[in-house]
Amino acid sequence: MSTVRRGTKVPARWRLFVCGLFLVASCPIVARADDGLVDVRTLPKLEGAVEDAARTESHSLQYGVPTVVAATTAAARKLLSADGWVQFVQPTEENSPILMFRKGRLGLHVSFTQGLGRPDQSVVYYSANRISGNVPFPATATDIVFDENRPYLSCIAPSSFDATQDFFAKEMAAIGWQPLTAEAAARWPNADLNATVANGVRTFYVHDDSNGFYRQKPIMLTLTRRDDGRTNVEARIAPFALPADLQAGDDMAGLPRPNPIKSAHGKGSASSNQREITVAVIADLPAVLAFYHRAFAARGWTEEGNAPLAAGDDVALKFSSPEETGVLRLGRKYDFTMVYLTAQVKESVLAARAKAKKDADDQFMKDADQMVKDVLAADEVRRKTQAATLSDTPLQAQAGSTTPVPLPENAQEVDFKGDDGRLEFNSSSSVKAIAAFYRTSLKQAGWKEQPSVINQPNMAVLEFSKGGKTISFTVMQMGAKVNVSADGSGLRMAAAKPASTGKQAGGDQAGAQAKASAPLEADPESALPVPKQRTATSLGTAKLPGIEAPFRRELEASVPAELSDVLSFYRSELTKLGWQEKPDGAVVAADRVQLAFASPQGPAVLKLGRANGETSINLVQKNPDAATKADIMPKPGQAKLLLGNMGNQEAQLTINKQTVKIVAGAGGPQSPKGPMLDLPPGKYQYSLSVPGRPARTESITIAAGDAWGLMVGPTGEVLPLQMY
């Protein structure tokens with residue numbers, strides 16, 4: 001495809017062509033099929049296939065078959081091979097469950113899942129794939145490893161060396177590849193077109209980028225003879241066309257990695273005692289090694305010579321930092337330089353950290369013990385002060401009382417439940433005066449007191465019995481008043497109950513059942529969809545001062561309806577709002593649902609469950625635009641932590657080996673933005689210190705794409721709040 005670089009002056013004939021193209025595009029014409037993608041509707045399907053017509057498009061479809069996944073996979077592989085599709089695997093993806101096929105310039109992905117709730121059935125997914133980097137496959141080649149984007153090809157051709165050489169000379173030219181000339185190679189200073197290959201030949205090709213082909217770098221085709229008469233084939237980007245000065249990508253597990261890469265995996269985090277990364281870098285080994293020399297020096301890490309080589313290693317280097325030791329291993333696999341980088345905290349540092357933690361824990365317990373003593377001492381002073389306000393004056397019985405036992409004349413807030421045999425009230429008299437009142441009055445009424453071991457100035461327990469009935473009193477000082485609670489068979493009194501109670505209860509139950517079975521209706525007043533028939537609901541929003549749009553909304557509710565009815569309600573209501581359900585990670589079971597949606601404002605997740613005979617609802621919607629405007633949007637693959645302080649003293653928070661000072665009022669109405677941290681996802685322990693208050697140690701778990709706030713309260717406590 002011919003292209004014009006940005007900034008280049010366009011000749012008049014090109015402007016005329018573009019105008020003509022615009023006029024043609026403005027006319028109603030039938031869209032032409034993309035000849036770079038296979039129409040999967042034309043592909044063969046397995047016997048007994050039941051296609052999901054609602055999900056069928058020209059580039060993707062799915063169908064069910066009555067066989068287990070293992071048998072279905074083998075049958076699909078055989079079926080497509082018979083139709084002329086050639087299977088290959090991608091570099092480093094040898095264990096992928098997805099089958100990759102190619103037929104000429106067309107690509108195909110085939111994947112499988114177990115039928116929903118049916119382990120004896122399978123679902124087959126066809127997805128069209130574009131072959132951007134086209135190189136020919138020898139007929140009946142084996143051990144094919146192919147990357148359709150770079151391109152890269154490794155295989156064993158069944159033909160002889162000469163026949164294979166003739167095949168590539170003819171087929172490469174047929175699809176636009178031409179041998180790279182010395183004049184054209186002059187643009188790459190390090191290009192060496194004359195290097196020889198033992199027992200083989202090497203040819204460099206370049207593509208003219210026409211005929212609908214995608215722009216590619218020059219490639220190097222290497223053919224070598226095998227002892228069995230076959231030929232080894234490898235086609236890869238020419239080494240001189242790869243970047244020589246690699247740039248740094250985002251850290252993984254706190255360890256450096258370069259760009260460009262094909263894949264990267266890590267274990268641990270920047271704060272872990274052991275961490276490692278494995279990276280497939282699209283560059284030659286010298287460039288990757290030079291990158292790590294620079295990265296180690298920039299971090300103050302010291303290289304300490306070579307380490308023993310392991311299988312697959314070309315380079316192994318030891319390094320250290322003040323707290324860690326590690327090993328860098330580099331090797332070649334396919335057209336990648338494979339990086340294996342490990343780091344481990346030194347034993348001496350671990351011991352020092354353990355001692356520091358023990359010292360901090362000991363100090364914390366010491367501070368906590370002293371705090372408890374101080375609180376108890378202060379409470380004792382307060383109690384004595386309050387007790388001095390209570391009267392020891394002998395009490396008289398309250399006139400007109402209808403309770404089974406007399407009430408003191410100054411009884412207040414009386415709560416008597418005759419059917420349960422319970423009595424409670426407050427009094428401004430002392431524990432001593434109230435205990436004396438009941439000992440005297442009940443003795444006169446024929447009640448006999450049972451001994452009790454609890455008889456203190458601030459609390460007394462009195463036990464009485466008479467004619468097979470009992471009464472127990474607990475008299476306790478509660479601040480500037482005394483609370484009296486009593487229960488027992490001696491307090492029970494029959495209470496008249498309305499005759500219609502049972503009928504009313506039955507009516508209420510029937511009403512609840514009718515309510516549960518009625519069609520669910522949306523509440524028009526709710527910011528997020530929720531049925532009117534809910535028994536509980538809460539809606540939370542997260543936003544910063546000065547920004548109207550919330551960047552996270554969360555709805556929680558409970559509905560007396562079946563889970564399937566609630567699921568149907570949300571699929572209908574969310575579709576009306578323009579939300580699109582996404583199949584990735586979907587869970588639909590009898591007692592649990594989790595669905596992801598793409599809403600006009602951003603990503604959303606719906607979770608349904610069952611509890612107490614009702615369906616629980618949790619609906620979360622995020623707004624990336626609002627989060628970006630508020631400057632709280634996490635970096636890709638990372639989480640963001642926002643720190644605030646509502647206290648009147650500066651606080652200091654330490655997390656992930658970083659210590660941040662949080663000034664008083666940060667993150668509040670007068671100071672909207674507090675400190676922010678970008679962290680890899682994981683579980684972190686953090687400590688908080690505020691002058692004059694005990695140190696606090698807590699933990700928080702954050703996921704990629706989330707933003708959390710940690711707000712320090714006026715008394716030194718920390719409130720975690722998910723913001724995005």
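This briefing describes the fold, the nonpolar cores, one sheet and one helix residue of the structure above. The model is predicted. The protein contains 10 helices and 40 strands. Of its 724 residues, 37% are buried.

**Overall features**

- The accessible surface of the protein amounts to about 40100 Å², and carbon and sulfur atoms account for 54% of that area.
- Among contacts in the protein with a separation of 6 or more, 50% are between residues 24 or more positions apart.

**Nonpolar cores**

- The largest nonpolar core has 25 residues, and the members that touch the most others are Val405, Tyr438 and Phe473.
- At least two residues of this core come from each of the following elements: strand S22 (422-427), helix H7 (431-444), strand S24 (459-466), strand S25 (469-478) and strand S26 (481-487).
- Helix H7 makes the greatest contribution to this core, with seven residues.
- When neighbours within four places in sequence are set aside, Val405 is in contact with Leu423, Tyr438, Leu442, Ile471, Phe473 and Leu491.
- A second core, separate from that one, comprises 24 residues, among them Leu246, Ile277, Ala283 and Leu289.

**A four-stranded sheet**

- Four strands form an open sheet in the order S36-S33-S39-S40, and their pairing is mixed.
- Strand S36 (676-679) and strand S40 (718-722) occupy the edges of the sheet. Each has a single partner strand, so one side of each is left without a neighbour in the sheet.
- With direction ignored, neighbouring strands of this sheet are turned by 20 degrees against each other on average.
- Strand S33 (residues 639-645) is joined to S36 by four bridges, and the two run antiparallel.
- In this pairing, Ala639 stands opposite Leu679 in S36.
- In general, the strands of a sheet pair through backbone hydrogen bonds, and the arrangement is either parallel or antiparallel.

**Ala436 in helix H7**

- Ala436 lies in helix H7, the element that gives the most residues to the largest nonpolar core.
- The relative accessible area of Ala436 is 39%. Ala436 is therefore classed as partly exposed, because this value falls between the 20% limit for buried residues and the 50% limit for exposed ones.
- Ala436 and Pro394 are separated by 42 residues in sequence, while their C-alpha atoms are 7.7 Å apart in space.

Conventions: Residues numbered from 1 in each chain as written. Predicted model: local features only at pLDDT ≥ 70, side-chain atom pairs only at ≥ 80, totals over all residues. Heavy atoms only, no water. Core = buried A, V, L, I, M, F, W, Y, C linked by side-chain atoms within 4.5 Å. Buried < 20%, exposed > 50% of the residue type's maximum accessible area, 1.4 Å probe, protein only. Contact = heavy atoms within 4.5 Å. Areas by Shrake-Rupley, 256 points an atom, 1.4 Å probe, with all protein chains shown as cover. Pairing = 2+ DSSP bridges. Axes fitted to C-alpha atoms, helices over the stretch in contact; angles between N-to-C directions.
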